[in-house]
Amino acid sequence: MITVGVNLATSQAAVALAVKYGDLYAAVGIHPHEAVNASPQDMDELRRLCLHPKVIGVGETGLDWRRCLSPRQAQLDAFAAHLALAAEVDLPLIIHNREADADVLAMLRATPGVRGVLHAYSSDETTAEAAVALGFHISFAGPLTYKNAETTRRVARALPLERLLLETDCPSLPPVPYRGQRNEPAHVGLIAVELARLRETTVALIASATTHNACDLFGLPTAGAV
Ligand SMILES: [Zn+2]
């Protein structure tokens, strides 16, 4: 299980939790919503945290043109800094993309050699296929179970299984029937059930494939039978 920071304080907290629990790993980063508050010193501290053995990824990072809680330029600068950091320390990225498909893809293409996942995927097939062609993975969260998420379900049916990951994005995006409540890591099984239904396969196969994919992408010790 990976817990993901959204600013310096939560990145430090994620590392501390990962130290405490053997099967927990941490990603460190500054979410686009928080980009306006990020300082060069914060990036230095993230770089230092990346050297910790329980830190397996850089993120969250990315672009959010839907809510734009940070000015666009601050988001672009922070995302560029995270891409450079991921390339430097050779860790995968956990990328947040909301209505910023063209800019996210352009920035990934501009940083050859980076890898990672587009998390809580909400864009269309064209962007997913472009990301997969660049070597990226696609991760699904609770919205896969939402009534209005037909596009997301189409993407989930179409992509190669070896590029798919599951997440909860808790405390956000609880799957049906937990909408309106705080999301929990324990609900990840419901995303697996929905993905298995969409791909007309078994939950056991989805669980083992996505676990294998996550271990492979993030360099985690391979889990036993799921
Ligand atoms: Zn996100």
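Modeller: Donors are N, O and S atoms within 2.8 Å of the metal. This model is predicted, and the zinc ion is a place to start reading it.

Biologist: Which residues are the protein donors of the zinc ion?

Modeller: E60 donates through OE, H96 through ND1 and H119 through NE2. These donors lie 2.0 to 2.3 Å from the zinc ion.

Biologist: How are the donor residues spaced in sequence?

Modeller: The pattern is E-x35-H-x22-H. The two histidines link distant parts of the chain, 23 residues apart. H96 is in strand 4 (residues 93-98), while H119 is in the loop between strand 5 (116-118) and helix 5 (125-133).

Biologist: Are H96 and H119 buried or exposed?

Modeller: Both H96 and H119 are buried.

Biologist: What describes two packed helices?

Modeller: The angle between their axes and the distance between the axes. Here, helix 6 (residues 150-158) packs with helix 7 (residues 188-198) at about 70 degrees, the axes being 9 Å apart. That angle makes helix 6 roughly perpendicular to helix 7. The crossing is right-handed.

Biologist: Which residues meet there?

Modeller: From helix 6, R153, A156 and R157 meet E194, L195, R197 and L198 of helix 7. Of the residues in this contact, 3 are nonpolar, 4 are charged and none is polar.

Biologist: With which residues is L166 in contact, leaving aside its neighbours within four places in sequence?

Modeller: L166, in strand 7 (residues 164-166), is in contact with S139, F140, V188, I191, A192, L195, I206 and T210. L166 and T210 are 44 residues apart in sequence, yet 6.5 Å apart in space, C-alpha to C-alpha.

How values were computed: Residues are numbered from 1 along each chain as its sequence is written. This is a predicted model: local features need pLDDT of at least 70, side-chain atom pairs count only at pLDDT 80 or more; totals for chains, interfaces and linings use all residues. Side-chain values use heavy atoms; hydrogens and water are left out. Axes are lines fitted to C-alpha atoms, for helices over the stretch in contact, and angles run from 0 to 180 degrees between N-to-C directions. Helices (H or I, at least four residues) and strands (E, at least two) are DSSP runs, numbered from the N terminus. Angles under 35 degrees count as roughly parallel, over 145 as roughly antiparallel, 65 to 115 as roughly perpendicular and the rest as oblique. A crossing is left-handed if the near helix is turned anticlockwise from the far one by less than a right angle, and right-handed if clockwise. Contact means heavy atoms within 4.5 Å. Ala, Val, Leu, Ile, Met, Phe, Trp, Tyr, Cys and Pro count as nonpolar, Asp, Glu, Lys and Arg as charged, and the others, Gly among them, as polar. Donors are N, O and S atoms within 2.8 Å of the metal (3.2 Å for Na, K and Ca); water is not among the atoms, so sites may look incomplete. Buried means under 20% relative accessible area, exposed over 50%, partly exposed in between (1.4 Å probe, protein chains only).
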